[in-house]
Amino acid sequence: MAFISILFVRAIMCPVGAIVDCWSESFLVPLIKETMPRDRFISIMQHLRFDDRDTRAERVKTDKFAAISDIWTRFNENCAKSFTPGEHMTIDEQLFPTKVRCPFTQYIATKPDKFGIKFWMATDLDTKYVCSASPYLGKDPSRQKGERLAENVVMKLMEPFLDDGRNVTTDNFFTSLSLSHRLLQRKTTLLGTVNKVRRELPQLAKDTAKREVFSTSVLRSGSVSLTIYAPKKTKTVCVLSSMHQDVTIGDGRKRKPNTITDYNHMKCGVDVLDQMARMYSVRSATRRWPVAVFYNMLDLAAVNAYILYKACTGWTGKRRLFLRLLAQQLRCRFMQHKEILAQRQAAAAAVPGTVKTTQCQVQESCNRNRSRFTCATCKKFTCAKCRDDGHWVCKPCKV
């Protein structure tokens, strides 16, 4: 825990530069230095593992995420058990920036950081709490033939939260008519934009030539509605919704329908979460992808802990202050144990014959002899030649 506390302290106090700089004279962080020596921290980092290395070769044949899948699964289970999300949830992708060598590193040109490991995430809209998350590992052999990847991802992420009358907001990668029908069977509604390349989309939604600016058209299939809105002369936005029974037009200059307004309000859950996680991130340079995933997990866990702490205590302080308190609590037991060991060593040094031999510190009658005993008066290590014959007192103190 003390190791993790150092990562959080660095995230809020010295996020730029190598992590070993926190022990240097130029960029010293006293809280880190008094917690753990630099060499001890580096040793833990070098030997940091999240599974049994001897059995990894067998497990990786069926699980590409085997190096950290166990701890990631437990993290997901704890996130789902610790919080009950509200009525509205958001599903989107997150790209954790890293250039480590692993078989599922992604390149996404539209992201600020082009390279990284992609995660699918489901968050609560109001609090931005991470309810569930899943890494993208490439082709999934467990996915049924003919099932779209987007539908499989949404159903897996939402499985613990279905059948409770919630709504899911997605972007055009996930949204489809078949997904809305599957969610409606589990008492869950869907709201999201639709990609115009979908075959299920009617030709009326794809044509933009004869549309008036700020005009709205509504198509319906059962309990699912498709809103076609033209924000510009040659552009249309298609929003699929099973949440809205009626589509109403706003009174503003742009005459936006309520489906567009609600989507703009509900689509930002994962994006805001990612922004919060990157603001105070424990991320550091590494060549091992399990460590990079571990960094992302700590960032997400810290955001969740902050949300739960506010909900349980009514605390209104800043997140940076909370991370400082969290780091202190994580290192508290380690510092208590460290203090007890220091007291024991000090007590052992005061008893003759219980410490290791060291060079005589008096050297009045010897030539750098070794000794295990200290003078009862000045507490200096004193060899037999430099002490008084009757008592364990060095000759200078005897005089």
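**Aromatic rings**

I started with the ring cluster: ring pairs join F65, W72, F75, F104, F119 and W289. I should jot down here that this is a predicted model. Counting through the whole structure, I get 20 aromatic pairs.

I pulled up F3 and F41, which form a stacked pair with 4.9 Å centre to centre and 25° between the planes. This pair ties together distant parts of the chain, with F3 in helix α1 (residues 2-13) and F41 in helix α3 (residues 38-46), 38 residues apart. F3 has 8% relative accessibility, so I log F3 as buried. F41 is at 2% relative accessibility and therefore goes down as buried too.

Next I looked up F83 and Y129, also a stacked aromatic pair, at 4.3 Å centre to centre and 25° between the planes. Here the link runs from loop to loop: F83 is in the one between α5 (69-82) and β1 (88-97), Y129 in the one between β3 (115-124) and β4 (130-135), and 46 residues separate them. F83 and Y129 are both buried.

I also checked for a charge over a ring. The charged end of K118 sits over the ring of Y136, 4.7 Å from the ring centre.

**Nonpolar core**

Which residues touch the most other members of the largest nonpolar core? I find L7, F8, F41, W289 and F294, out of 81 residues in that core. Helix α11 (residues 289-313) gives the core its largest share, 13 residues. W289 turns up again here, having already appeared in the ring cluster. F41 is back as well, after its stacked pairing with F3.

I then listed what F8 touches, skipping neighbours within four places in sequence. F8 is in contact with V282, L298, A302, L323, L326, A327 and L330.

**Cysteines**

How many disulfides does a search of the whole structure find? I got zero. I wanted to know why C312 has no bond to the closest cysteine sulfur. That sulfur belongs to C79 and is 14 Å from the sulfur of C312, so the two are too far apart for a bond. C312 has 68% relative accessibility, so I file C312 as exposed.

C366 is in no disulfide either, with the nearest cysteine sulfur, that of C383, 3.5 Å away. The cut-off for a disulfide is 2.5 Å between sulfur atoms. C366 is buried, at a relative accessible area of 15%.

**T193**

I went to T193 next, which lies in strand β6 (residues 189-193). Buried or exposed? T193 is at 13% relative accessibility, so I count T193 as buried. A polar atom of the T193 side chain is 3.2 Å from the backbone nitrogen of N172. N172 is also on the list of residues that T193 touches beyond four places in sequence, together with T170, D171, T175, V237, C238, V239 and Y263.

**Helix α6**

Last lookup: how many of the 10 residues of helix α6 (residues 149-158) are buried? I find eight, so the helix is mostly covered. The buried ones are A150, E151, N152, V153, V154, M155, L157 and M158. I then asked what covers them. The cover includes strands β1, β3, β4 and β5 (167-170), plus helix α7 (177-185).

Methods. Residues numbered from 1 in each chain as written. Predicted model: local features only at pLDDT ≥ 70, side-chain atom pairs only at ≥ 80, totals over all residues. Heavy atoms only, no water. Helix = DSSP H or I, 4+ residues; strand = E, 2+ residues; numbered from the N terminus. Buried < 20%, exposed > 50% of the residue type's maximum accessible area, 1.4 Å probe, protein only. Polar contact = N/O pair within 3.5 Å; in protein donor to acceptor, adjacent residues only side chain to side chain. Contact = heavy atoms within 4.5 Å. Phe/Tyr/Trp six-rings, centres within 6.5 Å; stacked < 30°, edge-to-face > 60°. Lys NZ or Arg CZ within 6 Å of the ring centre and 35° of its normal. Core = buried A, V, L, I, M, F, W, Y, C linked by side-chain atoms within 4.5 Å.
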